[in-house]
Amino acid sequence: MTSLRHAPRKRFGQNFLVDPHYIDRIVAAVDPGPGDNVVEIGPGLGALTRPLLDRVERLTVIEIDRDLAARLSDEFAADRLCIHTADALAFDFATLGSELRVVGNLPYNISSPMLFHLAQFEASLRDITVMLQREVVQRMVAAPATPDYGRLSVMLQTRFRIERLFIVPPGAFRPAPLVDSAIARLTPLGEARPTIDDETVFARVVAAAFGQRRKTLRNALKLLAGDAELEREGIAPGARGETLAVSDFVRLANALAQTARQSG
Ligand code: SAM
């Protein structure tokens with residue numbers, strides 16, 4: 001039997017949900033059916049795991065902290081809860097089957113890398129419902145020409161429809177974090193996903209455009225595109241990156257990838 005007390009580990013971003021109102025709201029937002037393929041990242045002390053298991057026949061969890069994983073295996077039968085003691089950032093989600101419904105109260109320090117990692121398994125996903133820092137969710141859903149619009153917005157919006165569902169205040173956790181959190185839902189765009197010819201070129205263009213926000217595109221993209229290439233794609237070289245729509249970034253990156261292929 002594992003000991004009852006668990007001292008929260010800062011290095012694993014452990015802020016445990018304790019407010020039943022928010023726990024209920026998160027589970028209601030996921031609204032899992034009995035046969036759904038639900039995967040929880042970072043189950044911790046089981047605040048979401050227990051009510052999720054009330055709704056699904058089988059649940060998969062990925063927990064990096066061995067002590068917490070051991071507690072969960074003491075509490076739940078292996079035929080209901082499948083525990084992977086592993087780093088979710090390096091986990092191969094394709095091994096878990098299809099139509100995955102990912103749920104998690106993610107540690108703040110790994111939230112963006114976790115979303116980029118999950119984006120690679122887009123074809124295996126049905127949806128992702130995650131708790132993140134409120135400010136990160138604002139950046140994810142931001143529209144062009146707003147202060148929160150940036151690399152995270154563009155990179156994720158090319159793959160997912162993103163909704164901000166509700167805010168969760170610090171008092172809902174032990175220990176309480178310093179900032180507000182928010183629940184976001186990401187649904188793969190599927191057929192509506194824009195075609196990106198070369199992901200590396202696309203990522204480079206987006207990173208450069210937002211690298212120094214006050215620079216014009218002419219300066220920010222100096223090493224990647226000249227005025228003529230920008231103008232050919234209907235993009236004003238004197239504009240700033242934050243004014244471009246996601247579709248502008250896709251068009252420009254695809255044109256640059258084509259030029260590189262032709263000259264290469
Ligand atoms: N889901 C629980 C809750 O809501 O109370 C715990 C949330 S706590 C913010 C984050 C959880 O993710 C912790 O249990 C932590 O050990 C786990 N975790 C941190 N980094 C992880 C990683 N790279 N892979 C898997 N789990 C991780």
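This is a short dialogue on reading features of a predicted model.

Trainee: Let's begin with the whole protein. How many helices and strands are there?

Mentor: A count of secondary structure elements is a good place to start. This predicted model has 10 helices and nine strands. The C-alpha trace spans about 70 × 35 × 30 Å along its principal axes.

Trainee: What share of the residues count as buried?

Mentor: Buried here stands for under 20% relative accessible area. Of the 264 residues, 48% meet that description. For the outside, the accessible surface comes to about 12700 Å², and carbon and sulfur atoms account for 51% of that.

Trainee: And how do I read contacts along the sequence? What percentage join residues at least 24 apart?

Mentor: Look at contacts between residues at least 6 apart in sequence: 65% of them join residues at least 24 apart.

Trainee: Now the ligand, please. How many residues surround the ligand, and which are the closest?

Mentor: We list the shell and then pick out its closest members. The shell holds 22 residues, with Leu-17, Gly-42, Glu-63, Asp-87 and Asn-105 the closest. Strand 1 (16-17) and strand 3 (59-63) each provide at least two residues of this shell. As for the site itself, the ligand takes up the space of the largest pocket.

Trainee: Which atoms of Gly-44, Ile-64 and Asp-87 lie close to N or O atoms of the ligand?

Mentor: Sort them into backbone and side chain. On the backbone side, an N or O atom of Gly-44 is 3.3 Å from a ligand oxygen, and an N or O atom of Ile-64 is 3.3 Å from a ligand nitrogen. From the side chain of Asp-87, an N or O atom lies 2.7 Å from a nitrogen atom of the ligand. As for cover, the ligand has 590 Å² of accessible area on its own, and the protein covers 97% of it.

Trainee: Let's try single residues in loops. Is Ser-124 buried or exposed?

Mentor: Find its place, then its accessibility. Ser-124 lies in the loop between helix 4 (111-119) and strand 6 (125-133). Ser-124 counts as buried because its relative accessibility is 14%. Leaving aside residues up to four places away in sequence, Ser-124 touches Ala-94, Gly-97, Ser-98, Glu-99 and Leu-100.

Trainee: Why does Glu-242 count as buried?

Mentor: The reasoning is the same kind of step. Glu-242 has a relative accessible area of 18%, so it is buried. Its place is in the loop between helix 9 (227-232) and helix 10 (246-263). Beyond residues up to four places away in sequence, Glu-242 touches Pro-144, Ala-145, Tyr-149, Phe-210 and Arg-213.

Definitions and conventions:
Residues are numbered from 1 along each chain as its sequence is written. This is a predicted model: local features need pLDDT of at least 70, side-chain atom pairs count only at pLDDT 80 or more; totals for chains, interfaces and linings use all residues. Side-chain values use heavy atoms; hydrogens and water are left out. Helices (H or I, at least four residues) and strands (E, at least two) are DSSP runs, numbered from the N terminus. Buried means under 20% relative accessible area, exposed over 50%, partly exposed in between (1.4 Å probe, protein chains only). Contact means heavy atoms within 4.5 Å. A residue is near a molecule or strand if one of its heavy atoms lies within 4 Å of it. A polar contact is a pair of N or O atoms within 3.5 Å; within protein, one must be able to donate a hydrogen and the other to accept it, and residues adjacent in sequence count only if both atoms are side-chain atoms. Accessible areas come from the Shrake-Rupley method with a 1.4 Å probe; for residues, only the protein chains shown count as cover. On a 1 Å grid over the protein atoms alone, a cavity is a set of points where a 1.4 Å probe fits but cannot get out, and a pocket is an open set with protein on both sides within 12 Å along at least five of seven lines; lining residues have an atom within 4 Å of a point. A molecule sits in a cavity or pocket if more than half of its atoms lie within 2 Å of its grid points.
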